[in-house]
There are 2 protein chains.
Amino acid sequence: MRMSEGVEWGLHCCLVLSWLDDLAPLPVGRLAEVFELPPQYLKKQLQPLAKAGILASEPGARGGYRLAREPEAITLMDVVAAIEGGVDPFRCTEVRRRGAGTLAEAGEFAHPCGISVAMRKAELAWRRELAGQTVADLLAAAPPAAAQRARRFVQRVA
Amino acid sequence: MRMSEGVEWGLHCCLVLSWLDDLAPLPVGRLAEVFELPPQYLKKQLQPLAKAGILASEPGARGGYRLAREPEAITLMDVVAAIEGGVDPFRCTEVRRRGAGTLAEAGEFAHPCGISVAMRKAELAWRRELAGQTVADLLAAAPPAAAQRARRFVQRVA
DNA sequence: GCGAGACTACTCGGATATATTTTGTCCGAGTTCTCAGGG
DNA sequence: CCCTGAGAACTCGGACAAAATATATCCGAGTAGTCTCGC
């Protein structure tokens with residue numbers, strides 16, 4: 001089980017876009033330079049965020065990405081769901097119905113599989129924690145020097 | 001992000017091995033028949049559980065797998081960690097140090113990355129829930145008919 | 001000097017290859033049971 | 001009839017392919033800025 005690195009990139013980019021809100025929209029190329037990431041692939045990772053309404057994109061020259069909402073309104077769950085697709089890590093394939101399960105009576109499978117319930121309970125706790133933290137919280141925790149450095153870096157390159 | 005189906009299979013097999021404890025050790029072939037799973041691949045998935053001390057394996061004829069501990073002593077976290085390798089789904093690649101981060105002062109990275117901390121907090125909640133549930137809990141929640149059916153099925157095939 | 005128009009440069013969006021992980025299969029080492037032969 | 005010993009069958013363990021997913025790259029559609037030409 002491995003989360004896509006796009007989640008890490010996306011969150012870092014949300015922070016930078018918050019810091020450089022007055023310079024928006026910011027092209028992907030600039031964002032990529034800030035973290036030395038492959039620009040094309042970073043763009044591919046940010047596209048789902050735009051589609052999910054977390055980022056707003058502007059085409060054409062002088063275009064780029066900006067935050068579509070206030071940092072307080074963007075939860076980590078939003079970002080993870082947008083990039084990972086919002087599917088459960090654990091996927092019940094109803095193994096219980098196969099093999100010996102084919103001999104079961106009809107009503108037995110009315111209740112969901114206990115293993116699935118247990119795993120989903122754990123994932124719910126995970127989601128609850130993700131939904132309880134916002135990009136604004138990350139901004140508060142980040143060192144102020146990083147924000148200033150990112151700003152100078154982007155302006156220097158420009 | 002997708003959890004290996006080996007987790008689902010492993011947990012179901014733990015249940016069956018609990019139900020059929022007096023028939024142990026049970027070969028993988030029998031377990032595979034109970035759920036119509038590819039026997040060789042199921043074996044591959046159960047091997048990490050044996051290595052982790054959750055299952056005990058016996059080689060040779062009349063060999064097979066049995067539970068190495070009481071169901072009360074096997075948590076879902078144990079099974080997930082054994083099969084998934086115990087690594088964090090989110091992996092911080094220290095992106096903050098690259099690009100603009102190379103200009104930072106030395107002490108700034110003494111504190112861990114805030115994004116990493118946030119993600120780890122969520123994963124901790126997930127792990128806590130997994131560690132709080134045992135195979136014994138799954139046994140209690142499973143329909144009694146399933147246990148009897150599995151027993152009859154295995155004995156019939158034999 | 002000023003305005004209109006076409007051109008160029010730059011942006012995002014989606015379609016196309018490569019790498020890596022997951023899934024699935026195969027062969028070898030070891031142990032137990034079976035069965036034939038001898039006492 | 002009982003014991004001994006060799007053979008055969010069955011088990012797990014780890015090494016070897018195939019498929020699926022994630023990673024990385026390229027090309028096309030569209031927009032803003034710019035430069036030239038005409039008035």
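How much area is buried between chain B and chain A, and what percentage of it do carbon and sulfur atoms give?

## Extent of the interface

This is a predicted model. About 4700 Å² is buried between chain B and chain A. Carbon and sulfur atoms give 67% of that area. Chain B puts 51 residues into the contact, and chain A puts in 51 residues.

## Polar and charged links

Four salt bridges are found across the interface of chain B and chain A. One of them joins the side chains of Arg98(A) and Glu36(B), at 3.6 Å from N to O. Polar contact links 16 residue pairs across the interface, with both residues of each pair at pLDDT 80 or more.

## What chain B brings

Several helices of chain B each supply at least two residues of the side that touches chain A. They are α1 (5–19), α2 (28–35), α4 (76–84), α5 (114–131) and α7 (144–157). The largest share comes from α5(B), with 11 residues.

By residue type, the side of chain B that touches chain A holds 30 nonpolar, seven polar and 14 charged residues.

## Symmetry of the pair

A turn of 180° and a shift of 0.0 Å along the axis lay chain B on chain A, with an RMSD of 0.0 Å. This is the relation of a two-fold axis. In chain B, Trp126(B) has the C-alpha nearest the axis, 2.4 Å from it.

Which surface does each copy use? Of the interface residues of chain B, 100% are also interface residues in chain A, so the copies meet through the same surface.

Methods. Residues numbered from 1 in each chain as written. Chains lettered and ligands numbered in written order. Predicted model: local features only at pLDDT ≥ 70, side-chain atom pairs only at ≥ 80, totals over all residues. Heavy atoms only, no water. Contact = heavy atoms within 4.5 Å. Buried area = accessible area lost by both parts, 1.4 Å probe. Polar contact = N/O pair within 3.5 Å; in protein donor to acceptor, adjacent residues only side chain to side chain. Helix = DSSP H or I, 4+ residues; strand = E, 2+ residues; numbered from the N terminus. Nonpolar A, V, L, I, M, F, W, Y, C, P; charged D, E, K, R; others polar. Least-squares fit on C-alpha atoms with pLDDT ≥ 70 in both.
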